[in-house]
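Here's an informal walk through one model, best read with the viewer open alongside. Take a look first, and then we'll go through the details.

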Amino acid sequence: MKGHAILVNALLAALAFVSLFPLLWMLSVSFMPPGAASTLPPPLLPAAPTLDNYRDLFARMGMGRYFFNSFVVALSITAGSVAFNVMAGYAFAKLEFAGRERIFRGLIGALVIPAQVAMMPLFLELKALGLVNSYGGVIVPALATIFGIYLVRQYARSIPDELLEAARVDGASELTIFLRVVVPLLKPIIVTLAVFSFLASWNDFMWPLIVLTDSQHYTLPVALASLSREHVQDNELMMAGSVVTVIPVLVLFIALQRHYIAGLLAGSVKG
Amino acid sequence: MNGRIAGWSFAAPALIVIGGFFLLPVAVAFALSFTDFDLYALASLDNLRFVGLRNYLELLKAPLFWQALGNTLYFVVLGVPLSIGLSLGAALLLNSPLARAQAFFRTALFAPVVTTLVAVAIVWRYLFHTRYGWVNQGLAALGIDPIDWLGDPHWSMPTIILLAVWKNFGYNMVILLAALQAIPRELYESARIDGAGTWQELVHVTLPSLGPVLSLVSILTMAGYFQLFAEPYVMTEGGPLRSTFSVLYFMFEQGFKWWNLGVASAIAFLLFALVLAASEALLRFARSRGMA
């Protein structure tokens, strides 16, 4: 039994090492002066840690701009999609309206359609709306998701009807009921949804790459991909760029881990 | 405001977004795939012509399409079982009563999932560097000659598969861990009374109980892996010798490099059809084995 315990924990430690080594190595190399990582044997830790790469990124490569772009896009998508998905999810769970079940079934059916099928016409549509190469081109199509509506609806079904009826009898408007009664009850799923949206929009690559055509609107992943093509040899600089891109989402995840995992599980057991 | 109007007005903003910026484009894409929409049509719609099935037929005759399809299938066929296998192994380890510091290990193993793919693909590129990368350094310590991971067409796709497995296994691990924890204790107790050992418990109790969840995560992972794009775009630009050129990469080039939006739409629908067929096949297989 003791041998078993050592084996289990050694295997877990090995997996944790493999999972974390690339991230720790990225962090370490980002503090090395140019060229230091490309020597033999490659160093694990910087001999003389420096912030030069970060200074270079922000002063010369416009990293501040990309960071700002990513924040604007991710925060707008998070705020907008949480609002729209929560309203719709609540409506599908608790409010009667014509065609409700049929529309919901249709939405669930549409979950199998991969996003890229829509990309070509979506580009033309956004071009006609003047949104290509603007924040709007990334934000607008992401303002509601079927998955988000589904998640909220599942959660909102547990709200007792009597509670809503009692508020209606008291003469509260539907909007007041939503804001004062429903939203506070949905708080856990709202946090989950917000973490999901932020991470997804921060990390998204393909659509921003398509719709943001010049560099002043690039989000971090798009900028990083483009920089890495120009600076193939600048190992240390690119590691610093990767750190800047990854740190915000890692910190957010570690802080709100419980909510993220809860949402992941709620979304996967639809069966 | 009565209930009916309230329902519609609460649902409307989300439905407008999904309808206008997803479902409508999907329908238009279907129509587009039967046209010769190209750079000229982008300039003026007068240049747009209906071409029937021509885009589809020409794709099926194009060697590049088959190469992209072959690469994508290679990625899926190798990547999905490796991912699911590692997720399952990690979940079993985490669920073991012998495991220490479970919360730490769970977070550590999950961390790659939330990282930005573009950033870690760049990290990967340097870790797999032929001369200065730590992977070859590690192999050298074992007496293995350096491998040209990203420069050799035989190794480029395996390297990308390793990245995908590393990045994604934590996701299904968490789902499988929850499923493991939901298996009733009594099942294990009665197995033990029947004299089952650890291995027999795994084969006769654990795996059958996980069946439905395993088939679900396999199908979802497979559908996701068919959308291979960012990894080769960042790490290899589809090379060397197009060995990591995927179907979605092909769509991206046709659509947004050459502006052949008609052809690109046809590629998107071919890929969609393939994913549907593969999911259906996997689901049937799972059902036939009593796993779904």
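## A kinked helix and what surrounds it

In α4(B), a kink of about 25° lies at B:G79, shortly before the proline B:P81. The bend at a residue here is the angle between axes fitted to the seven residues ending there and the seven starting there. Helices (H or I, at least four residues) and strands (E, at least two) are DSSP runs, numbered from the N terminus.

A bit of housekeeping: this is a predicted model, where local features need pLDDT of at least 70, side-chain atom pairs count only at pLDDT 80 or more, and totals for chains, interfaces and linings use all residues. Residues are numbered from 1 along each chain as its sequence is written, while chains are lettered from A and ligands numbered from 1 in the order in which they are written.

Back to that helix. How far apart are the end C-alpha atoms of helix α4 of chain B? They sit 47 Å apart, which agrees with the 48 Å that its 33 residues (63-95) should span at 1.5 Å a residue; the expected span is 1.5 Å times one less than the number of residues.

B:L93 belongs to α4 of chain B as well. B:L93 counts as buried because 23 other C-beta atoms lie within 10 Å. The cut-offs: a residue is buried if 20 or more other C-beta atoms lie within 10 Å of its own, exposed if 12 or fewer, and partly exposed in between, with C-beta atoms placed from the backbone. Leaving aside neighbours within four places in sequence, B:L93 is in contact with A:V8, A:L11, A:L12 and B:A99. Contact means that the C-beta atoms of two residues, placed from the backbone, lie within 7 Å. B:S288 is another story: its C-alpha atom is 29 Å from that of B:L93, with the two positions 195 residues apart along the chain.

## Chain B as a whole

Chain B has 13 helices and 0 strands. Its C-alpha trace spans about 75 × 70 × 40 Å along the principal axes. Of its 292 residues, 45% count as buried. Among contacts between residues at least 6 apart in sequence, 67% join residues at least 24 apart.

As for confidence, chain B has a mean pLDDT of 93, with 99% of its residues at 70 or more; pLDDT is the predictor's confidence in each residue, from 0 to 100. The model scores ipTM 0.93 and pTM 0.94.

## Where the chains meet

The contact draws 76 residues from chain A and 69 residues from chain B. On the side of chain A that touches chain B, there are 58 nonpolar, 14 polar and 4 charged residues. In that count, Ala, Val, Leu, Ile, Met, Phe, Trp, Tyr, Cys and Pro are nonpolar, Asp, Glu, Lys and Arg are charged, and the others, Gly among them, are polar.

A:V246, in helix α13 (residues 235-268) of chain A, is one to click on. Not counting neighbours within four places in sequence, A:V246 is in contact with B:T115, B:T116 and B:A119. A:V246 is buried, as 25 C-beta neighbours fall inside 10 Å. Its C-alpha atom is 9.1 Å from that of A:L23, which is 223 residues away along the chain.

## The core

Which residues touch the most other members of the largest nonpolar core? Among its 176 residues, A:A88 and B:I267 do. Such a core is a set of buried Ala, Val, Leu, Ile, Met, Phe, Trp, Tyr and Cys residues joined through C-beta atoms within 7 Å. Beyond residues up to four places away in sequence, B:I267 touches B:L59, B:V247, B:F250, B:M251 and B:Q254.

## Backbone oddities

Most residues other than glycine have a negative phi, and most peptide bonds are trans. Here are some exceptions.

| Site | Feature | Angle |
|---|---|---|
| A:L40 to A:P41 | cis peptide bond | omega about -10° |
| B:G239 to B:P240 | cis peptide bond | omega near -10° |
| A:N133 | positive phi | phi about 60° |
| B:R242 | positive phi | phi near 60° |

A:P41 is in the loop between α1 (2-29) and α2 (52-60) of chain A. B:P240 is in the loop between α11 (230-235) and α12 (247-256) of chain B, and B:R242 is in the loop between α11 and α12 of chain B. B:R242 is partly exposed, with 19 other C-beta atoms within 10 Å. A:N133, in the loop between α5 (119-128) and α6 (135-139) of chain A, is partly exposed because it has 15 C-beta neighbours inside 10 Å.
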